[in-house]
Amino acid sequence: MTRHKWNSVIRHAVLILFSLVMVYPVIWWIGASLKTNQELSSPTLFPSVPQWSNYINGWNSVPGFTFTDFYLNTFYLITAVIIVTVISCTLVAFGFARLDFPLRGFWFSLLMLTLMLPGQVLIIPQYAMFHQFGWVNTYLPFIVPHALAGGAGGTFFVFLLVQFIRGIPRELDESAKIDGCSWFGIYWRIVMPLMKPSIVTVIIFCFLWNWDDFLGHLLYINSVDKYTVGLALRMINDSQGGAEWGQLLAMSLVSIVPATLLFVFAQKYFVEGVATTGLKG
Amino acid sequence: MERATSLASEIPVRKKPFRKRWDSPLAGYLFISPWLIGFLALTAYPMLLSLYYSFTNYTLMKPIEWVGLDNYERIITADDKFAQSLKLTFYYVLASVPLKLIAALMVALLLKRAVRGISVYRTAIYFPSLIGASIAVSLLWKNIFGVDGFFNKVLGFFGIPGTGWVTNPDTALWSLIGLSVWQFGSSMVIFLAGLKQIPNDLYEASAVDGAGKLKQFVKITLPMLSPTLFFNLIMGIINSFQMFTPAYVITGGGPMNSTYVYALYLYERAFSRYQLGYSSSLAWIMLILIVAAAVIINLTSKYWVFYESESQGGKRK
């Protein structure tokens, strides 16, 4: 073999090794979710007899509730959040990208600055405010900030959409203006339809970050009937103290299925979203 | 109305009078109003509120009492947990951020050439970043790095004695660092995009001049990639300084407070003991430290971050 070929073989070998290290825990996870507690400490990847009961018992392991409730809660919360995020962030992004108004540069640099603001500085005063409003143990502490282009990633989305709208030719706006279209008409009829790909990116990351917003859910949701999937997992972990690892791992595995499906079907948007804006992923 | 009709006779564009109303600063402010209201009410005001709280002994139950600099003084002079959690957090940031970036850069360099199978590799390596922030993965980690966990089985296979990685105070923080480094995939995707932007003729020209691979890396790849590196470094520090879910779920701050990171301390002070005043001071100290780190890195950036737009005269910025 030539030196060039050897290089390529080594490169692929290293890459395969890396990929295995990355994915192996997940493969092990699948096997472990079907094991009994005794088998968990055995080195084999898959159990001799798959314990499908881990999934059934795990699904019903919170007394009085099933995971169906927690998934419905989570999807309800996230759907509401996504709808208000898409509306508010596209409006704001259109305003920054297309309209001219006093102090625009100033406000936009403030927006860029809040991109860097560590969220934990805000949790205490926000909690005190929402507590006063009587919003604790409702979904309002998530929906209202997102409706105001904030929340988990709102400012990121505005920035991403502004970049995208700047790439849309202004001639389209101009010709719509000649036809007597209002600014809102231009936003709604011209720019919105063209923004579809970036809106998909926004929806994906909005979904992911809210699904994983464990600290937020922990702070604001107290009663089990409003629990999200993440909180339910934590509750099983706390109450069982590791007695039923199989069930816990099974339910944890199910909880990453939505994100994985999203990734499989919309991989293109992921890679573009991460690569072009440097999203935290 | 009158003006609108007179304009209409001259320029057809101004035919509709209502459009004139929209074509004003007001329209711009209407469009950005969701963000502007959110910024003022849910970012700017809470920050001022938090600053005010930090000078009080506010709890949710009692009336607020102004205590001046007492909180800050107590934190800096008499709070062992503050000093310890800060030290741990620095350790975590200083270990996880560089390791993550180095792994991301290395794999991105490998992937840049391996054209065949690139999407499979990229998917496999990105996948942990996709799911890594979830509580599910924290639970998985807790199991894998336990005494009877899978990781010790792998070590046993190679004849290396293991330990209870998450229950041993000496290794618990490293199991959390490992979880962070395992998610280097998103940084890798960003580096990969950055690498693809480097014009190939730079490499060809330098090869003609007799530059080796290492020299090309140091003289071309690193400078051209430095803005991406800079951005990733800053965001990495901001995010890992606030690490919460893994410490809360995997170790709960233990064993023997060996993973009691700053965010966990802040959370406990605020929401287990409801000392909102004291924890606001903690939050402001955190903000000041993060801003200081960002400013320092920004100051050093003129020595190592290279912006292409200013490279015409060979000038470095």
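A salt bridge here is a side-chain nitrogen of Lys or Arg within 4 Å of a carboxyl oxygen of Asp or Glu. By that rule, the whole structure holds four salt bridges over all chains. The model is predicted.

**Exercise 1. Characterise the salt bridge between Asp173(A) and Arg98(A).**

Step 1. Check the distance. The N to O separation is 2.5 Å. The cut-off is 4 Å, so the pair qualifies as a salt bridge.

Step 2. Place the partners. Asp173(A) sits in helix H9 (residues 170–178) of chain A, and Arg98(A) in helix H4 (residues 67–98) of chain A. The two are 75 residues apart, so this pair links distant parts of the chain.

Step 3. Judge the burial. Buried means under 20% relative accessible area. Asp173(A) is buried because its value is 2%. Arg98(A) is buried too, because its value is 5%.

**Exercise 2. Find how many residues separate Lys177(A) and Glu174(A), and decide whether each is buried or partly exposed.**

Step 1. Confirm the bridge. The closest N and O atoms of Lys177(A) and Glu174(A) are 3.9 Å apart, and the pair forms a salt bridge.

Step 2. Count along the helix. Both residues lie in helix H9 of chain A. They are three residues apart, about one turn of the helix.

Step 3. Compare each value with the limits. Lys177(A) has a relative accessible area of 16%, so Lys177(A) is buried. Glu174(A) stands at 38%, so Glu174(A) counts as partly exposed.

**Exercise 3. Explain the sequence relation of Asp238(A) and Arg234(A).**

Step 1. Take the contact. Asp238(A) forms a salt bridge with Arg234(A), with the closest N and O atoms 3.5 Å apart.

Step 2. Find the element. Both residues belong to helix H13 (residues 229–240) of chain A.

Step 3. Convert spacing to turns. The residues are four apart in this helix, so about one helical turn separates them.

**Exercise 4. Describe the interface of chain B and chain A.**

Step 1. Count the contacts. On the chain B side, 89 residues are in contact with 94 residues of chain A.

Step 2. Give the area. The size of an interface is often given as the accessible area lost when the parts come together. Here chain B and chain A bury about 8200 Å² between them. Carbon and sulfur atoms carry 78% of that area.

Step 3. Name the leading residues. In chain B, Phe31(B), Trp35(B) and Leu42(B) lose the most area to chain A. Together they make up 10% of what that side buries.

Step 4. Look for charge pairs. The rule finds zero salt bridges across this interface.

**Exercise 5. Compare UniProt "transmembrane region" annotations with the modelled helices.**

Step 1. Read the record for chain A. The unreviewed UniProt entry includes residues 75–94 and 245–266 among the spans it covers. Residues 75–94 are 100% helix, with end C-alpha atoms 28 Å apart. Residues 245–266 are 91% helix, with end C-alpha atoms 32 Å apart.

Step 2. Repeat for chain B. Among the spans in its unreviewed UniProt entry are residues 26–53 and 90–111. Residues 26–53 are 100% helix, and their end C-alpha atoms are 36 Å apart. Residues 90–111 are also 100% helix, with 31 Å between the end C-alpha atoms.

**Exercise 6. Describe the surface patch that contains Leu261(A).**

Step 1. List the members. Val257(A), Leu261(A), Val264(A) and Phe265(A) form a nonpolar patch on the surface. Their accessible area together is about 420 Å².

Step 2. Locate Leu261(A). Helix H15 (residues 257–265) of chain A holds this residue.

Step 3. Classify Leu261(A). Its relative accessibility is 46%, so Leu261(A) counts as partly exposed.

Methods: Residues are numbered from 1 along each chain as its sequence is written. Chains are lettered from A and ligands numbered from 1 in the order in which they are written. This is a predicted model: local features need pLDDT of at least 70, side-chain atom pairs count only at pLDDT 80 or more; totals for chains, interfaces and linings use all residues. Side-chain values use heavy atoms; hydrogens and water are left out. Patches are made of residues with over 30% relative accessible area and no salt bridge: like charges are joined within 9 Å, nonpolar side chains (Val, Leu, Ile, Met, Phe, Trp, Tyr) within 5 Å. Accessible areas come from the Shrake-Rupley method with a 1.4 Å probe; for residues, only the protein chains shown count as cover. Buried means under 20% relative accessible area, exposed over 50%, partly exposed in between (1.4 Å probe, protein chains only). UniProt positions are given in the numbering used here, feature names are shortened, and annotations may be inferred rather than shown by experiment. Contact means heavy atoms within 4.5 Å. Buried area is the accessible area (1.4 Å probe) that two parts lose on being put together, summed over both.
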